[in-house]
Amino acid sequence: MRFPPSAAVTVDATQFLSRKQLDDWQLDLDERYLRAAGSPPHEAYIDVLHERLVHAGVKQLRFEPVGLQQWSFLTHRHRRRTAV
C-alpha cells in the first residue's frame, strides 16, 4: 500500500489499531508469561503474531529458523546476585 504525500503531514486514525485492541493484545501478552525467550509459550506467541499479521493483510510472511539460547530473567537475576 502506498500512502500519498499528505500522509506525512496528517495522521489518518483509520490507519491505526484502536487503543482497546492494543490494550487487549498487551493483556494477552502479559497472561502468556513470556519472560523466558525460546520457551514453548514464547514460540506459540510467535505463531499468534504471524496470524495477526496475516489478518492485517501483511504479505510475504515466512518463518526462518534462528538460533536462540533460552533465557530467563530468573536465571539472569540469579547470576547477577551471585556475581556481586
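The largest pocket in this predicted model has a volume of about 300 Å³. Twelve residues line this pocket, and those that lie nearest its centre are Gln-15, Leu-17, Arg-52, Ala-56 and Val-58. A look at the chemistry of the lining helps to picture the site: eight of its residues are nonpolar, three are polar and one is charged. Helix H2, which covers residues 40-55, gives the most to this lining, with four residues.

A second pocket can be explored in the structure as well. The second largest pocket holds about 160 Å³ of space. Its lining is made up of His-42, Glu-43, Ile-46, Asp-47, Phe-63, Glu-64, Val-66 and Leu-68. Sorted by class, the lining of the second largest pocket has four nonpolar residues, three charged residues and one polar residue.

With the pockets in mind, it is useful to step back to the whole chain. The protein chain contains three helices and zero strands, so that reading from the N terminus on gives the order α-α-α. Of the 84 residues in the protein chain, 8% are buried. The protein chain exposes about 7900 Å², and 58% of that area is supplied by carbon and sulfur atoms.

Contacts give one more view of how the chain is arranged. Among the contacts between residues at least 6 apart in sequence, 44% join residues that are at least 24 apart.

Methods: Residues numbered from 1 in each chain as written. Predicted model: local features only at pLDDT ≥ 70, side-chain atom pairs only at ≥ 80, totals over all residues. Heavy atoms only, no water. Helix = DSSP H or I, 4+ residues; strand = E, 2+ residues; numbered from the N terminus. Buried < 20%, exposed > 50% of the residue type's maximum accessible area, 1.4 Å probe, protein only. Contact = heavy atoms within 4.5 Å. Areas by Shrake-Rupley, 256 points an atom, 1.4 Å probe, with all protein chains shown as cover. 1 Å grid on protein atoms, 1.4 Å probe; cavity = no way out; pocket = protein on both sides within 12 Å on 5 of 7 lines; lining within 4 Å. Points joined across faces, edges and corners; volume = space filled by probe spheres on them. Nonpolar A, V, L, I, M, F, W, Y, C, P; charged D, E, K, R; others polar.
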